[in-house]
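Reader: Please pick one residue and take a close look at it. Then show me how the rest fits around it. Short sentences, please.

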Amino acid sequence: MIYVTKMPKLDLEQTLTGHKGIVWHVSWHPQGKMFASCGEDKTIKLWSKEGQEWAIKTVLVDGHKRTIRQIEWSPCGNYLASASFDATTAIWDKKSGQFECNATLEGHENEVKGVAWSPSGQLLATCGRDKSVWVWEVAGDDEYECEAVLNVHNQDVKKVAWHPSLDILASASYDNTVKIYKEDPADNDWSCFATLQSHESTVWSLAFDKTGERLATCSDDKTVKIWKEYKPNNQEGVIVADKESVWKCICTLSGFHTRCVYDISWCHNTGLLATACGDDIIRIFKESDDSDPNAPTFELVCTKLDAHSQDVNCVTWNPTGNQEILSCSDDGEIRIWSFSSD
Amino acid sequence: MTKTADNVNPDIYDKGSEREITSSDYDENIEDLFDEREIFDLIRNINDPEHPLTLEELRVVEESNIKVDNIKNLVHVSFTPTIPHCSMATLIGLSIRVQLLRALPARFKVEVEITPGSHASEYAVNKQLADKERVAAALENNNLLQIINQCIA
């Protein structure tokens, strides 16, 4: 008799080349049938499937004068925002029939490192080396107004992420902390209401789970941390001052990553966590079946060694929940993977 | 604009000898792994940003402060600024890093750090040198790149 133990695995579907130099970021279109990539070569490439193969559909050039660090599709899928080291954020759309840049957001003093659309698509957040986080409102056709400049980090801000359903914003920084912000409806002022302190080095990226009550963060300290929101009058009896929620670190995944963890993606369909690491590995973590919601345990269910030949910079689950993963690397390549657990 | 060097009168040391070439260097059947000496040869002649001297002559870099792991593809270089308040420490570290990134195969992870205890801002400089996003952004700054290229040339 031969017993076959089925192990969760990550199968490579395709390797895509085309960028010159570091590929910093990849972003799925909300419908999951197209994605965008960007990097050191100052171009944005849009990819979709031709038959069974992914191929470049469009290349956007001349939008930026320096490295493009991040790109993000708006929730409606009609706009693309790109953040660049040239201190600007560009908004692209194809109202004219083809993609072109119809708005440029200026204000950051130098490198813009992160950009994110709010769930409604009405707000946009950017962050950068000047230590600030900006909130922009979509004011009309190709018009964006600055709603707030938040100066609460004391070092550069690496990434911003919105809560999946509310206008709550989180930012990760070189100052080792994560800050959470919201708008006060009384005076429309944005402010920081929580500082998440526990990482021992730069926090590179962050991702909310589908409820928005948990946040996963990854860091140069080689750990991943899971944080939970405790609202006023919570059942657990966690003390909450000033009627504001408290965020507590409820789990630290250490001993898995051997170098800086550059990115983390939380699948809103399966609850699986994927990480991109400087040790060239993609890892998948799954919450244990008997996990305590206030002190959860996660198991490493898949380790893809040599996922790339250099640092993995970005990893992201297909938003349709089909367990497809996109990754990109310093090696100039983009890879598409399919995860299977049975 | 003239600026006085942080350390006006640094100690100067003799240069070491050239690497001895052995018969195995010519043997195509012997796999040639990277060793500490080879890494040292790549960085010993980097010029100090402030003096007409090399990093070897100032003992900022020494072969004994280099570690190579060919299996883990790791290169670790500790460098020693001539004085603990040297404002050029980040620039020197960046020059070493850039030289190794250009010269070594991409599979290597290069770590450049200050020799423990030799600089007042050791932690801050090390953190900056280890942040590849900051390094990438710095290398897009033409003025800085020119200075680094002069050091490496």
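**A close look at A:Ser74**

Author: A:Ser74 counts as buried, because its relative accessibility is 2%. Buried means under 20% relative accessible area; exposed means over 50%, and partly exposed lies in between (1.4 Å probe, protein chains only).

A word on the ground rules. This is a predicted model, in which local features need pLDDT of at least 70, side-chain atom pairs count only at pLDDT 80 or more, and totals for chains, interfaces and linings use all residues. Residues are numbered from 1 along each chain as its sequence is written, chains are lettered from A and ligands numbered from 1 in the order written, and side-chain values use heavy atoms, with hydrogens and water left out.

Where does A:Ser74 sit? Its place is the loop between strand E6 (68-73) and strand E7 (79-84) of chain A. Strands (E, at least two residues) and helices (H or I, at least four) are DSSP runs, numbered from the N terminus.

Which residues does A:Ser74 touch, apart from its neighbours within four places in sequence? They are A:Pro30, A:Tyr79 and A:Trp117. Contact means heavy atoms within 4.5 Å. A:Pro119 is also worth finding. It is 45 residues from A:Ser74 along the chain, yet the two C-alpha atoms are separated by 8.5 Å.

Now follow two of those partners to A:Tyr144. A:Tyr79 and A:Trp117 are among its contacts too. The others are A:Ile91, A:Ala103, A:Leu105, A:Glu137, A:Val138 and A:Ala139, again leaving aside neighbours within four places. A:Tyr144 lies in strand E13 (residues 143-150) of chain A. It counts as buried because its relative accessibility is 15%. For a contrast, look at A:Leu16. That residue is 128 positions from A:Tyr144 in sequence, and their C-alpha atoms are 34 Å apart.

Step back to the spans around the loop. UniProt, in an unreviewed entry, lists "repeat: WD" for residues 16-48, 61-102, 105-138, 150-182, 196-228 and 305-342 of chain A. Such positions follow the numbering used here, feature names are shortened, and annotations may be inferred rather than shown by experiment. Residues 61-102 are 50% strand and 0% helix. Their end C-alpha atoms lie 14 Å apart. Residues 105-138 are 59% strand and 0% helix. There the end C-alpha atoms are 11 Å apart.

Next, chain A as a whole. It has 28 strands and zero helices. The C-alpha trace spans about 70 × 55 × 30 Å along its principal axes. The radius of gyration is 19 Å, which agrees with the value near 20 Å for a compact globule of 342 residues. That radius is taken over C-alpha atoms, and the globule rule is 2.2 Å times the number of residues to the power 0.38. Of the 342 residues, 57% count as buried. Among contacts with a separation of 6 or more, 49% join residues 24 or more positions apart. The accessible surface is about 14,500 Å², with 43% belonging to carbon and sulfur atoms. Accessible areas come from the Shrake-Rupley method with a 1.4 Å probe; for residues, only the protein chains shown count as cover.

Chain B makes a useful comparison. It has five helices and three strands. Along the sequence they run α-β-β-α-β-α-α-α. Chain B is as compact as a globular protein of 153 residues, because its radius of gyration, 16 Å, is close to the 15 Å of the globule rule. Its C-alpha atoms fill a box of roughly 55 × 35 × 30 Å along the principal axes. Buried residues make up 43% of the 153. Of the contacts with a separation of 6 or more, 66% are between residues 24 or more positions apart.

Two places in chain B deserve a stop. B:Val68 is in strand E1 (residues 66-69). It is buried, with a relative accessible area of 18%. Not counting residues up to four places away, B:Val68 touches B:Phe34, B:Asp35, B:Glu36, B:Ile39 and B:Leu74. Then turn to helix H3 (residues 122-130). Its buried residues are B:Val125, B:Asn126, B:Lys127 and B:Leu129. They pack against strand E2 (74-79), helix H2 (89-103), strand E3 (109-114) and helix H4 (132-138) of chain B.
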